[in-house]
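Reader: Before any feature is named, I should like each term set against its cut-off. Please take the model term by term.

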Amino acid sequence: MSRLRVAERVAHGGHNISLEDIERRFPRSLRNLLNEFSYLVDRAQCFMNESDSPQLIFEQQGETREILIPELFEQLSQEAER
């Protein structure tokens, strides 16, 4: 997912990020989203944008998190623990 986003940015003249850096940073970014940042804002939404139509995985308001696609949420949670 991040690799595709970087490739798209590079195709439009943006800077590249090495695959090693993406793989090192992605779990930390997910941990921050799931455990820190989503609690610091009024409302957080997390989408999977691998297809033409983004899928809402979860949304959160304060301490209340509604998980709409449990399988994808579990996948993100596991990735965050790497």
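Author: The exchange below takes up the elements, the sheet, the core and the aromatic pair in turn. This is a predicted model, in which local features need pLDDT of at least 70 and side-chain atom pairs count only at pLDDT 80 or more, while totals for chains, interfaces and linings use all residues. Residues are numbered from 1 along each chain as its sequence is written, and side-chain values use heavy atoms, with hydrogens and water left out.

Reader: How many helices and strands are there in the protein chain, and what makes a stretch count as one?

Author: The protein chain has three helices and three strands. Each is a DSSP run, numbered from the N terminus: H or I over at least four residues for a helix, E over at least two for a strand. From the N terminus on, the order is α-α-β-β-β-α. The C-alpha atoms fill a box of roughly 40 × 25 × 25 Å along the principal axes.

Reader: What makes the strands a sheet, and in which order do they lie?

Author: Strands pair if DSSP finds at least two bridges between them. Five bridges join β1 to β2, and four join β2 to β3, so both pairs satisfy the criterion of at least two. The result is an open sheet in the order β1-β2-β3 with antiparallel pairing. In general, strands of a sheet pair through backbone hydrogen bonds, either parallel or antiparallel.

Reader: Why are β1 and β3 called edge strands?

Author: Each of β1 and β3 (64-67) pairs on one side only. The twist from one strand to the next averages 15°.

Reader: Which residues are bridge partners, and how many residues lie between the strands of the β1 and β2 hairpin?

Author: C46 has F58 in β2 as its bridge partner, Q45 has E59, and M48 has Q55. E59 also has a bridge partner in β3, namely E66. Six residues lie between β1 and β2 in their hairpin. The hairpin of β2 and β3 has two residues between its strands, and there G62 takes a positive phi near 60°.

Reader: How do you know which side chains of β1 are buried?

Author: Buried means under 20% relative accessible area, exposed over 50%, and partly exposed in between, with a 1.4 Å probe and protein chains only. Along β1, A44, C46 and M48 point to one face and are buried, whereas Q45 and F47 point to the other and are not. Over the 82 residues of the protein chain, buried residues make up 27%.

Reader: Why is E71 called exposed?

Author: The relative accessible area of E71 is 58%, so E71 is exposed by the cut-off of over 50%. E71 is found in helix α3. The C-alpha atoms of E71 and I57, 14 residues apart along the chain, are separated by 8.9 Å.

Reader: What makes a set of residues a nonpolar core, and which residues form the largest one?

Author: A nonpolar core is a set of buried Ala, Val, Leu, Ile, Met, Phe, Trp, Tyr and Cys residues joined through side-chain atoms within 4.5 Å. The largest has 12 residues: F26, L30, L34, C46, M48, I57, F58, I69, L72, F73, L76 and A80. Two or more residues each come from α2 (19-40), β1 (44-48), β2 (55-61) and α3 (70-80). The largest share, four residues, is that of α3.

Reader: With which residues is L76 in contact, and what does contact mean?

Author: Contact means heavy atoms within 4.5 Å. Leaving aside neighbours within four places in sequence, L76 is in contact with L30, L34, C46 and I57.

Reader: Why is the pair of F58 and F73 called edge-to-face?

Author: Rings of Phe, Tyr and Trp (its six-membered ring) pair if their centres lie within 6.5 Å; planes under 30 degrees apart count as stacked, over 60 as edge-to-face and the rest as tilted. The centres of F58 and F73 are 5.6 Å apart and their planes stand at 90°, so the pair is edge-to-face. A search of the whole structure finds one aromatic pair. The pair links F58 in strand β2 with F73 in helix α3, 15 residues apart, and F58 and F73 are both buried.

Note on methods:
Axes are lines fitted to C-alpha atoms, for helices over the stretch in contact, and angles run from 0 to 180 degrees between N-to-C directions.
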